[in-house]
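Student: I should like to understand how the terms used for a protein model are justified. May we go through them together?

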Amino acid sequence: MGCYECCVRCLGGIPYASLFATLLCFSGVALFCGCGHQALTETERLIEAYFYRGAPDYTTLAYIIQYFQYIIYGLASFFFLYCILLLAEGFYTTSAVKETYGDFRSTFCGRCLSTTFIVLTYIIAVIWLFVFACSALPVYILHNMSTTCQTITLLSETSSGLNQLCMDARQYGVLPWNATPGKVCGMTLVAICKTKEFDLTFDLYIAAFTGAAATLIALLTYMMSTTYNFAVLRFLSRQGICTRC
């Protein structure tokens, strides 16, 4: 076999679907964790400055935000290791399916390992679907806040009673109902929407939501590729040489 044939054979053993999913997962997790961490910090500043002046309860809220930031650190580390393992498993199963390195070999341990990764990836994808839905909540809240500000700006010259148009953070569960003031109304709300902190926080949450979506797509891609490879391995194991470890 010549050099060209060897290169083509080796390239044929690359799990392109798993490689794509790994790159997409790395990018999505980095975007979600990096932007989400900074967005939480900016959210704490906005709440402290405009929505909440109760020192004891605000301390509790600050601890909760810090707790979520620690969770983000753990998510970044976990997905980095797990994606590397899934990529390695993709190389193993793709090489076995395409018989890249000689005759087909399917071990009992190898099929058990593939099954384990399929089940784990499915569970993680279901959990991440919940995270993806939760990441849409701050985007929805800030979008409503921005829309309310635009409405107040449009009606500021023609209508009265603009102080009745408010943004109440308590109704979204962000603050307890005894928070003071808990809401911002009228032109004060418009002034908040015009600050750089608000624009930065909104953009960061949108970026984090995009990262969560990319990670979800990567997990679904992992599920499809690992399930396909496992099904082919089960089929070939009935025709090829099966060894048990």
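The dialogue below takes several terms in turn.

Tutor: This is a predicted model, in which local features need pLDDT of at least 70 and side-chain atom pairs count only at pLDDT 80 or more, while totals for chains, interfaces and linings use all residues. Residues are numbered from 1 along each chain as its sequence is written, and side-chain values use heavy atoms, with hydrogens and water left out.

Student: Why is threonine 226 called buried?

Tutor: Buried means under 20% relative accessible area, exposed over 50%, and partly exposed in between, with a 1.4 Å probe and protein chains only. Threonine 226 has a relative accessible area of 4%, so it is buried.

Student: What makes the pair formed by the side chain of threonine 226 and the backbone oxygen of tyrosine 222 a polar contact?

Tutor: A polar contact is a pair of N or O atoms within 3.5 Å; within protein, one must be able to donate a hydrogen and the other to accept it, and residues adjacent in sequence count only if both atoms are side-chain atoms. The side chain of threonine 226 reaches that oxygen of tyrosine 222 at 2.7 Å. A polar atom of this side chain also lies 3.2 Å from the backbone oxygen of methionine 223.

Student: Which residues does threonine 226 touch, beyond four places away in sequence?

Tutor: Contact means heavy atoms within 4.5 Å. On that basis, threonine 226 touches Glu89 and Ile118.

Student: What does methionine 145 touch, beyond four places away in sequence?

Tutor: Its partners are Phe51, Met167, Leu189, Ile192, Cys193 and Phe198.
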